[in-house]
Amino acid sequence: MIESTRDGYRIPTFATYAPSNEGVRTRHPVVVVGGGLSGLTLACDLAARGQRVVLLDEDDTVGVRGSASRGIVYAQKSLEIFDRLGIFDRIASKGVAWSIGRSLVEDEVVYSFDAARGNLSCQPPFLNVQQFYVEWFLAERLHGHPLADVRWGNRLTDVRANEDCVTIEVEWSGGRYEIDADWVVDCGGLNSTLRNRLALPTYPAKGAERWLICDVRFSDARPDERWTWLRTAANEDRAVWRHPMADGIWRIDFQLDAGDDTEPSEETCCALLRRLLGPDVAFDLVWYGPWASRTHLLDDFRCGRILFAGDSAHVFPPFGARGGNSGIQDADNLGWKLALVLSGKAPERLIDSYDIERRAAAVHNTRIASRSLRFVSPGTAQVRLVQEQVIALARRYPFAQALVNTGRLSEASHYEASAFIGFGGGSSVPNARIELADGRIGAVVDLFRSGSSFILLTREHSQLTVANAMLKVLSIGQGAETDIRDPTGELIERLGLSRHEAVLIRPDLHIAGHLDDVGQGSVRALLAKALGAGPPNIPWE
Amino acid sequence: MNVETIAIPAPDDFYEAFCREHEALTPEESAAFNIRLIFLLANQVADQNVLHACLDAAGAHGV
């Protein structure tokens with residue numbers, strides 16, 4: 001690995017993979033196409049679960065064309081996934097943890113939140129870091145894994161869906177080759193070649209408003225908080241977003257005049273920054289680029305043996321940091337399902353739950369992010385008047401502050417009851433601190449670091465022996481007699497164990513369902529349902 | 001949602017007070033005033049079903 005200097009950053013360059021036996025078509029259980037956040041997370045997840053995986057990526061580095069500014073806010077569920085995958089500590093030492101957000105009009109705060117309230121997780125509510133660092137740490141994790149076959153500089157050029165496998169045509173600097181896969185996961189982003197080759201409709205739309213990102217290095221004594229100005233004279237009464245990132249760099253995002261379509265130059269950026277920061281602050285423009293909101297959504301995240309994750313499947317307006325974070329959750333949702341189906345421990349039907357759960361999450365994210373877009377960029381003069389008057393109320397009366405919407409930040413998805421999830425299940429288990437059986441202090445993800453077992457947490461110590469390699473039964477309580485101790489009782493409450501006898505937790509740390517009567521039969525039935533092997537008891541059909 | 005009986009106390013007083021507020025306003029100021037008033041009232045109503053029924057009832061197809 002060579003590190004080169006681009007835009008003042010040090011970015012790795014990876015050697016192009018050269019196929020050793022060109023001409024011999026090999027078959028692989030899973031091929032992940034695209035090494036962005038979703039693809040790298042999925043490949044790491046599969047390898048951690050003991051599943052062989054091939055990852056194709058078209059270029060030789062992380063990020064998009066190196067250090068181009070992309071996602072910066074990583075939300076708690078993503079950070080918990082990274083903890084499980086073993087890269088959280090690296091991300092935490094590089095990035096900036098934060099929990100407080102403020103929305104301002106000029107210098108007056110009209111809305112504040114502190115996401116640390118009620119936080120049970122070992123991870124902070126949010127952590128800001130440049131996307132390429134996260135990808136870099138994931139890539140290095142993969143490079144060290146014997147089950148991961150990472151192919152930098154290998155680009156998908158075509159795809160053929162056969163009855164029992166998928167054939168992929170790959171191009172690299174030395175030629176072309178074909179590989180077969182039982183399953184292919186497309187993580188190829190907004191303009192995915194694979195998705196385009198299949199000509200699947202995505203219903204794309206582009207917003208009329210325009211923004212300009214400037215990544216700027218300067219020193220500032222302000223606290224590590226997310227500040228969003230709805231209006232400031234420094235940007236001609238338009239909005240400005242300001243986020244801290246790693247390496248002393250700030251992302252400053254200027255809302256531009258929607259009617260002005262001149263291409264912003266470095267001079268434009270420097271003039272805007274000079275006005276915002278004042279005459280005395282020395283700054284260094286690291287990267288800049290204009291953007292507009294886009295949306296698209298696939299009808300089905302599964303197409304036979306091809307699955308779609310991340311931006312290839314869904315794109316939302318960026319407000320609330322729901323893009324990258326939902327792609328990471330896509331990977332988290334899919335990894336254990338593929339691993340179990342490929343090892344014959346779950347029926348293929350389990351894969352259907354990926355589309356059910358993650359497409360619903362994408363619809364939800366689209367709705368929430370589009371509401372923020374409407375607030376920040378009112379589409380008509382009448383709607384602008386509504387926004388202005390709500391802001392006026394918020395400046396005077398506390399109740400109206402809750403209406404100020406500069407982005408409702410990404411949270412862990414909640415999956416509705418389905419053929420796979422019991423009534424009342426579906427929520428994500430926070431990565432709370434626990435005391436393990438041997439007295440060590442740990443966290444919930446420590447129970448889930450390898451393999452793809454479910455865990456049944458029971459309130460009472462249970463003699464239950466379920467002869468199933470995929471299930472661990474552990475008791476949780478506040479006393480010394482249980483397998484896991486939750487000293488404060490807050491996790492027990494959050495798990496619903498003050499009302500139920502037991503809770504079944506999936507390998508992605510989402511709740512599969514609760515049990516009031518713990519016995520061989522009830523446990524087997526709930527596990528079968530969660531695996532897609534249960535009777536088709538489908539309340540929503 | 002109650003559209004059958006009047007529940008506003010002293011309704012003529014409220015009508016008068018509401019109109020007096022508007023008499024001194026330009027059309028733009030009047031629209032802004034109404035938005036502020038509606039959000040203040042919505043916070044008092046505090047009932048999602050009633051609020052959505054009122055939005056429907058006030059729309060062009062409602063009257």
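**Figure 1. Polar contacts and salt bridges between chain A and chain B.** In this predicted model, one residue pair, both at pLDDT 80 or more, is in polar contact across the interface of chain A and chain B. A polar contact is a pair of N or O atoms within 3.5 Å; within protein, one must be able to donate a hydrogen and the other to accept it, and residues adjacent in sequence count only if both atoms are side-chain atoms. Zero salt bridges are found across this interface (a side-chain nitrogen of Lys or Arg within 4 Å of a carboxyl oxygen of Asp or Glu).

**Figure 2. The area buried between the chains.** Together, chain A and chain B bury about 800 Å², of which 85% is on carbon and sulfur atoms. Buried area is the accessible area (1.4 Å probe) that two parts lose on being put together, summed over both. Of the area that chain A buries against chain B, 57% is supplied by Leu385(A), Gln389(A) and Phe399(A), more than by any other three residues.

**Figure 3. The surroundings of Ser475(A).** Ser475(A) belongs to strand E27 (residues 471–477) of chain A; strands (E, at least two residues) are DSSP runs, numbered from the N terminus. With a relative accessibility of 1%, Ser475(A) is buried (under 20% relative accessible area, 1.4 Å probe, protein chains only). Leaving aside residues up to four places away in sequence, Ser475(A) touches Thr458(A), Glu460(A), His461(A), Thr482(A), Asp483(A) and Ile484(A) (heavy atoms within 4.5 Å).

**Notes.** Residues are numbered from 1 along each chain as its sequence is written, and chains are lettered from A in the order in which they are written. Local features of this predicted model need pLDDT of at least 70, side-chain atom pairs count only at pLDDT 80 or more, and totals for chains, interfaces and linings use all residues, while side-chain values use heavy atoms, with hydrogens and water left out.

Methods:
Helix = DSSP H or I, 4+ residues; strand = E, 2+ residues; numbered from the N terminus. Buried < 20%, exposed > 50% of the residue type's maximum accessible area, 1.4 Å probe, protein only.
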